[in-house]
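Me: Got a minute to go through this one with me? I'll put it up here.

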Amino acid sequence: MTKEEKQLAFSNWWYNLPQKEVVDNKKQIIERCFISRFIFIYWLTGRTEIPTICLSVIEEIAKKRIFKKE
């Protein structure tokens, strides 16, 4: 996946989350991917590419497939 495809898939999932799940999911992603809250925002906006190793972690937290497989 390209940087843009990853960002688009991540932001589509994120912005369609129910409000009650946002805080917990954000906390889990930050902790399990070892990133800061700034990097999280950079991933959402496409400023920084989401590392491939973090894609499976995000999908595990989301409990569904978000990113297409290569």
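Me: Which residue follows α3, and what is the sign of its phi?
Reply: Gly46 follows α3. Its phi is positive, near 85 degrees. Keep in mind that the model is predicted.

Me: Staying with α3, which of its residues are buried?
Reply: Phe40, Trp43 and Leu44 are buried there. The helix itself covers residues 37-45.

Me: How are they placed around the axis?
Reply: They sit on the same side of α3, because they cover an arc of only 100 degrees around the axis.

Me: And what covers the buried residues of α3?
Reply: The cover includes three helices: α1 (3-15), α2 (19-32) and α4.

Me: OK, on to α4. Where does Leu55 belong?
Reply: Leu55 is in helix α4, which runs over residues 52-62.

Me: Is Leu55 buried or exposed?
Reply: Buried. Its relative accessibility is 11%, and the cut-off for buried is under 20%, so Leu55 qualifies.

Me: What is Leu55 in contact with, leaving aside neighbours within four places in sequence?
Reply: Lys6, Ile50 and Phe67.

Me: How far is Leu55 from Thr2?
Reply: In sequence, Leu55 and Thr2 are 53 residues apart. In space they are 13 Å apart, C-alpha to C-alpha.

Me: Back to Lys6. Which helix is that lysine in?
Reply: Lys6 is in α1.

Me: Buried or exposed for Lys6?
Reply: Lys6 is buried, at 4% relative accessible area.

Me: So what is in contact with Lys6, again skipping neighbours within four places?
Reply: Met1, Glu49, Ile50, Pro51, Thr52, Leu55 and Phe67. Ile50 and Phe67 are in contact with Leu55 too.

Me: New topic, cysteines. How many disulfides does the count come to?
Reply: The count comes to 0.

Me: Why is there no bond from Cys33?
Reply: The closest cysteine sulfur is in Cys54, and it lies 3.7 Å from the sulfur of Cys33. A disulfide needs the two sulfur atoms within 2.5 Å, so that is too far for a bond.

Me: What about going the other way, which cysteine sulfur is closest to that of Cys54?
Reply: The one in Cys33, at 3.7 Å.

Me: Are these two buried or exposed?
Reply: Cys33 is buried, with a relative accessible area of 9%. Cys54 is buried as well, at 7%.

Technical notes: Residues numbered from 1 in each chain as written. Predicted model: local features only at pLDDT ≥ 70, side-chain atom pairs only at ≥ 80, totals over all residues. Heavy atoms only, no water. Helix = DSSP H or I, 4+ residues; strand = E, 2+ residues; numbered from the N terminus. Buried < 20%, exposed > 50% of the residue type's maximum accessible area, 1.4 Å probe, protein only. Contact = heavy atoms within 4.5 Å. Arc of directions from axis to C-beta.
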